[in-house]
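Visitor: Could you take me through the ligand and its surroundings, step by step? I would like to see what lies around the ligand and what kind of space holds it.

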Amino acid sequence: EKDKELIRGSWESLGKNKVPHGVVMFSRLFELDPELLTLFHYTTNCGSTQDCLSSPEFLEHITKVMLVIDAAVSHLDDLPSLEDFLLNLGRKHQAVGVNTQSFAEVGESLLYMLQCSLGQAYTAPLRQAWLNLYSIVVAAMSQGWAK
Ligand code: HEM
């Protein structure tokens, strides 16, 4: 219950500004693993990572990611209801060439974004609460790779 409060409280302000926070998260992700950028077919003809990150399709993916996080936060009491959706989402990512190993870097990028935007409010218990939620989401998405 404490976890849920921490997550809801921290997402309240973040969730109002999804795109800029998502950009921070994905900038970090491509710093950790530039190869991931190539999985977005529409980024083939953008010059720099920065250009890619500001392309409309890319910002749209960022919006989609943030909406999934938003859904997870609003279903904290009922996460199993998202399982089918997340399994299918995993399947789609398998199809575009994402590897489940990349989820570790995605998680790190999520925490990086939270740390950047929450400052002092980014505490050890808050970090752990988000890690717990993230691991549930990843476990459900990973089902999409199972044969
Ligand atoms: C779709 C890549 C992580 C949510 C896509 C697409 C690509 C992609 C190439 C299809 C094109 C598009 O819709 O823009 C990646 C990569 C990731 C990543 C490389 C990191 C390794 C995530 C995460 C989430 C997410 C963490 C949410 C938790 C979505 C959604 C769609 C999507 C909702 C649309 C699926 C649909 O069309 O129904 N992703 N993605 N992605 N992604 Fe990701």
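Guide: Happy to; here is a look at the ligand site, from the ligand outwards. Please keep in mind that this is a predicted model.

Let's begin with the neighbours. There are 15 residues around the ligand, and those that come nearest are Tyr42, His61, Lys64, Lys92 and His93. Three of these side chains have N or O atoms that pair with atoms of the ligand. In Lys64, a side-chain N or O atom is 2.5 Å from a ligand oxygen. For Lys92, the distance from a side-chain N or O atom to an oxygen atom of the ligand is 2.7 Å. His93 faces a nitrogen atom of the ligand instead, with a side-chain N or O atom 2.8 Å away. Two elements give two or more residues to this shell, namely helix 4 (56–74) and helix 5 (83–95). Helix 4 gives the most, with 4 residues. By residue class, the shell holds 11 nonpolar, 2 polar and 2 charged residues.

Now for the space itself. The ligand sits in the largest pocket, whose volume is about 780 Å³. This pocket is lined by 29 residues, and the closest to its centre are Phe26, His61, Val65, His93 and Met141. Helix 4 and helix 5 turn up again among the elements that give two or more residues to the lining, along with helix 2 (18–32), helix 6 (102–118) and helix 7 (124–142). The lining divides into 23 nonpolar, 4 polar and 2 charged residues.

His61 and His93 are worth a second look: they are among the residues that come nearest to the ligand, and they are also among the closest to the centre of the pocket.

Key. Residues are numbered from 1 along each chain as its sequence is written. This is a predicted model: local features need pLDDT of at least 70, side-chain atom pairs count only at pLDDT 80 or more; totals for chains, interfaces and linings use all residues. Side-chain values use heavy atoms; hydrogens and water are left out. A residue is near a molecule or strand if one of its heavy atoms lies within 4 Å of it. A polar contact is a pair of N or O atoms within 3.5 Å; within protein, one must be able to donate a hydrogen and the other to accept it, and residues adjacent in sequence count only if both atoms are side-chain atoms. On a 1 Å grid over the protein atoms alone, a cavity is a set of points where a 1.4 Å probe fits but cannot get out, and a pocket is an open set with protein on both sides within 12 Å along at least five of seven lines; lining residues have an atom within 4 Å of a point. A molecule sits in a cavity or pocket if more than half of its atoms lie within 2 Å of its grid points. Ala, Val, Leu, Ile, Met, Phe, Trp, Tyr, Cys and Pro count as nonpolar, Asp, Glu, Lys and Arg as charged, and the others, Gly among them, as polar. Grid points are joined across faces, edges and corners, and a volume is the space filled by probe spheres set on the points.
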